[in-house]
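Me: I'm new to this structure and would like a close look at a single part of it. Could you walk me through that part slowly, and then show me what surrounds it?

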Amino acid sequence: MTLASEKSDQPVHGYLLDGKSPRKQNFALSVNAKGIRYALADGPSGEWGFDSIDWERSPLKARPLYLKSMTVKDAWLVVSDAKAVQDVLRAQNIWAEQNFWRFYAAQKKAAAYLACVLVFFAALWLGWPVVADGIAAANPPALRRYLDEMAGAYLSDQLICHSPDGEKALSEIQRRLAEKHPDLNTCNLVVIDSDSVNAFTIPGNQVVLTNGLLENARNGDEIAGVLAHEFGHVINNHVMRGFLRNTVPQLAISSVWRAVGVMPSMANYAIDTANSRTFERAADASAVILLKDAGISAEGVRDFFARLSKETRNSRAMAFMSDHPATEDRAAMMDEAVAEQQKTSPVLDRSQWLALQRICE
Ligand SMILES: [Zn+2]
């Protein structure tokens with residue numbers, strides 16, 4: 001290859017491949033702070049800014065120096081003249097220092113991707129609960145149906161307790177709590193024949209109490225307190241919000257991270273704990289209001305929670321206590337509620353209470 005142009009005496013520093021034809025077009029170049037100006041041997045000139053060069057695919061150590069365009073597909077500037085290569089590299093070096101982030105971000109794409117992933121998860125972590133709550137507030141029918149079906153499937157696996165007097169007693173508690181909060185009348189209360197001490201809310205505004213819970217309670221006020229807490233979950237739409245906040249990201253994380261078994265469970269734990277604490281506090285706050293409005297003493301629920309948390313040997317209560325940990329906040333809130341209440345009356349009389357306790361017999 002001859003380095004002298006046939007058409008003019010201008011020096012030849014390399015050639016341009018314009019990406020359109022395979023023709024090598026000789027050029028002479030000059031370098032400035034922003035890029036390379038070239039003059040083609042047969043006339044036109046042009047400029048490639050350093051910021052339009054794909055540095056990742058332009059190995060600086062190779063000779064001749066191949067510079068790939070980032071904007072024009074398959075376009076290359078090939079600098080073969082040693083002195084011109086030096087000039088280009090010196091100017092490029094200064095430009096790269098001045099454009100540190102732009103240059104190195106392109107060079108270190110892997111690091112950039114990692115940073116993006118971290119930012120994405122941080123945004124998800126911080127922003128998702130807000131988005132999830134927004135979706136829950138819209139109460140999309142398809143999601144509601146899906147959750148209701150899950151609740152139905154769960155209940156169909158359970159032994160549900162029925163006794164006319166027991167159910168009447170349960171309705172009486174609901175009636176008292178709903179007197180000033182008529183929405184609560186739409187809740188469905190279910191007692192299941194299970195030895196574990198537990199109470200929880202499932203989709204469709206359904207509150208499930210276990211027979212074990214009834215056996216461990218001492219009076220109707222204690223059950224009313226537990227119900228008030230569960231109604232707090234209903235009022236605050238915690239089932240759907242919890243599903244969207246917890247389960248959806250958990251499914252997403254575990255499908256992304258299936259290969260690394262430990263990651264999802266750690267993330268799940270963190271997500272669950274973060275949301276459940278917020279939800280428990282909110283349910284307690286609602287429970288205090290419901291009990292106050294119903295004139296039912298909060299002493300019942302306070303004592304019941306306190307008693308269960310002391311009975312650490314009572315493994316039947318483990319599920320309930322892990323969902324409803326005895327926190328100082330809770331104890332303080334309950335104490336305050338008890339102190340503030342003035343006129344209260346028992347929610348059930350003795351025979352109603354006994355009927356409720358025997359609902360599964
Ligand atoms: Zn709860």
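What span should the 17 residues of helix α1 (residues 82–98) have at 1.5 Å a residue, and how far apart are its end C-alpha atoms?

Reply: Happy to. Keep in mind that this is a predicted model.

Let's start with the helix you picked. At 1.5 Å a residue, the 17 residues of α1, running from 82 to 98, should span 24 Å. The end C-alpha atoms of α1 are 25 Å apart, which agrees with that.

Now look at which residues of α1 are tucked away. Ala84, Val88, Gln92 and Trp95 are buried. Viewed down the axis of α1, these buried residues fall within an arc of 60°, so they line one face of the helix. There is a general reason behind such a pattern: an α-helix has 3.6 residues a turn, so residues three or four places apart point the same way. On the other side of α1 you'll find Ala82, Lys83, Arg90, Asn93, Ile94 and Glu97, which are exposed.

So what sits over the buried face? The cover for the buried residues of α1 includes β1 (14–17), β2 (25–31), β3 (35–40), β5 (65–68) and β6 (76–79). The helix lies across those strands, and α1 runs at about 50° to β2.

Those strands belong to a sheet, and that's the next thing to trace. Six strands make up this open sheet, in the order β4-β3-β2-β1-β6-β5, with antiparallel pairing. At the edges stand β4 (45–49) and β5, each with a single partner strand, so one side of each has no neighbour in the sheet. On average, neighbouring strands here are turned by 30° against each other, direction ignored.

Zoom in on the β5 edge for a moment. Four bridges pair β5 with β6 in the antiparallel sense. Tyrosine 66 has valine 78 in β6 as its bridge partner. In the loop between β4 and β5 you can find proline 64. The peptide bond joining arginine 63 and proline 64 is cis, with omega at about -5°.

With α1 in hand, try another helix, α5, for comparison. This one takes in residues 164–178, and its 15 residues should span 21 Å at 1.5 Å a residue. The end C-alpha atoms of α5 are 21 Å apart, which agrees. Its buried residues are Gly166, Ala169, Leu170, Ile173, Gln174, Arg176 and Leu177. They cover an arc of only 165° around the axis, which puts them on the same side of α5.

Further along the chain there's another group of strands to look at. Strand β9 (residues 206–210) is mostly covered, with five of its five residues buried. Gln206, Val208 and Thr210 point one way from β9, while Val207 and Leu209 point the other way. That fits a general habit: in a regular strand the side chains alternate between the two faces of the sheet.

Two strands pair with β9. Strand β7 (residues 188–192) runs parallel to β9 and is joined to it by five bridges, and isoleucine 192 stands opposite threonine 210 in β9. Strand β8 (residues 199–202) runs antiparallel to β9, with four bridges between them, and here phenylalanine 200 stands opposite valine 208.

The link from β8 to β9 deserves a look too. These two strands form a hairpin with three residues between them, and glycine 204 in the turn has a positive phi of about 85°. Asparagine 205 lies in the loop between β8 and β9 as well. Its phi is near 50°, a positive value in a residue other than glycine. With 20 C-beta neighbours inside 10 Å, asparagine 205 counts as buried.

One more helix pair is worth finding. The axes of α7 (residues 220–235) and α10 (residues 299–310) come within 7 Å and cross at roughly 85°. The two helices are therefore roughly perpendicular to each other. Residues making this contact include Ala224 and Ala228 of α7 and Val301 and Phe304 of α10.

Finally, step back to the whole protein. Its secondary structure comes to 13 helices and nine strands. Of its 361 residues, 31% count as buried. Among contacts with a separation of 6 or more, 62% are between residues 24 or more positions apart.

Technical notes. Residues numbered from 1 in each chain as written. Predicted model: local features only at pLDDT ≥ 70, side-chain atom pairs only at ≥ 80, totals over all residues. Expected span 1.5 Å × (residues − 1). Buried ≥ 20, exposed ≤ 12 C-beta atoms within 10 Å, placed from the backbone. Arc of directions from axis to C-beta. Contact = placed C-beta atoms within 7 Å. Pairing = 2+ DSSP bridges. Axes fitted to C-alpha atoms, helices over the stretch in contact; angles between N-to-C directions. Parallel < 35°, antiparallel > 145°, perpendicular 65-115°, else oblique.
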